Amino acid sequence: EIYTLSLHDALPISSWGRGLRRYLDGSVYEGGFVAGRREGQGLLQGFDGSRYEGGFAADQPEGAGVLAG
């Protein structure tokens, strides 16, 4: 995985706050993180071209969101 670093506090944004994570399968998530898990609003683009934009809780899509592709 590739983590985007925060210059503000020198901690990986992907651990807490907002950031970008690239997965080994080619998927990309951009959005909120809490303790390294996807949380809050975000965008997940799958390696197959699928796309989910909406809420996440405990690393899983949750609530209102839009799935395409």
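# A guided tour of the chain

Start with the whole chain displayed as a surface: it exposes about 4600 Å², of which carbon and sulfur atoms supply 57%. Keep in mind throughout that this is a predicted model. Of the 69 residues of the chain, 33% count as buried.

Now switch to a cartoon view, where the chain shows six strands and zero helices, so that the pattern read along the sequence is β-β-β-β-β-β. Among contacts with a separation of 6 or more, residues 24 or more positions apart account for 1%.

**Strand 3 and its partners**

Select residues 28–34 next, which make up strand 3; because five of these seven residues are buried, the strand is largely enclosed by the rest of the structure.

Add residues 16–22, which form strand 2, and you will see this strand pair with strand 3 in the antiparallel sense over seven bridges. To look at one of these links, select Gly17, whose bridge partner in strand 3 is Phe33. The two strands form a hairpin with five residues between them, and within the turn Gly26 has a positive phi of about 100°.

Then add residues 37–45, which are strand 4; strand 3 and strand 4 also pair in the antiparallel sense, here over six bridges. Stay with Phe33 for a moment, since its bridge partner in strand 4 is Arg38, while its bridge partnership with Gly17 is the one already visited. The hairpin of strand 3 and strand 4 has two residues between the strands, and Ala35 there takes a positive phi near 55°.

**Arg21**

Return to strand 2 and select Arg21, which has its place there. Is Arg21 buried or exposed? Its relative accessibility is 7%, and since buried means under 20%, Arg21 counts as buried. Show the side chain of Arg21 together with the backbone of Gly36, and you can follow the side chain to the backbone oxygen of Gly36 at 3.0 Å.

**Gly69**

Finish at Gly69, found in the segment after strand 6 (60–68). With a relative accessibility of 99%, where over 50% means exposed, Gly69 counts as exposed. Which residues is Gly69 in contact with, leaving aside its neighbours within four places in sequence? Select Gly49 and Ser50, for these are the residues that Gly69 contacts once those neighbours are set aside. Asp48 is worth adding to the selection as well: its C-alpha atom and that of Gly69 are separated by 8.3 Å, although the two residues are 21 residues apart along the chain.

Terms used:
Residues numbered from 1 in each chain as written. Predicted model: local features only at pLDDT ≥ 70, side-chain atom pairs only at ≥ 80, totals over all residues. Heavy atoms only, no water. Helix = DSSP H or I, 4+ residues; strand = E, 2+ residues; numbered from the N terminus. Buried < 20%, exposed > 50% of the residue type's maximum accessible area, 1.4 Å probe, protein only. Contact = heavy atoms within 4.5 Å. Areas by Shrake-Rupley, 256 points an atom, 1.4 Å probe, with all protein chains shown as cover. Pairing = 2+ DSSP bridges. Polar contact = N/O pair within 3.5 Å; in protein donor to acceptor, adjacent residues only side chain to side chain.
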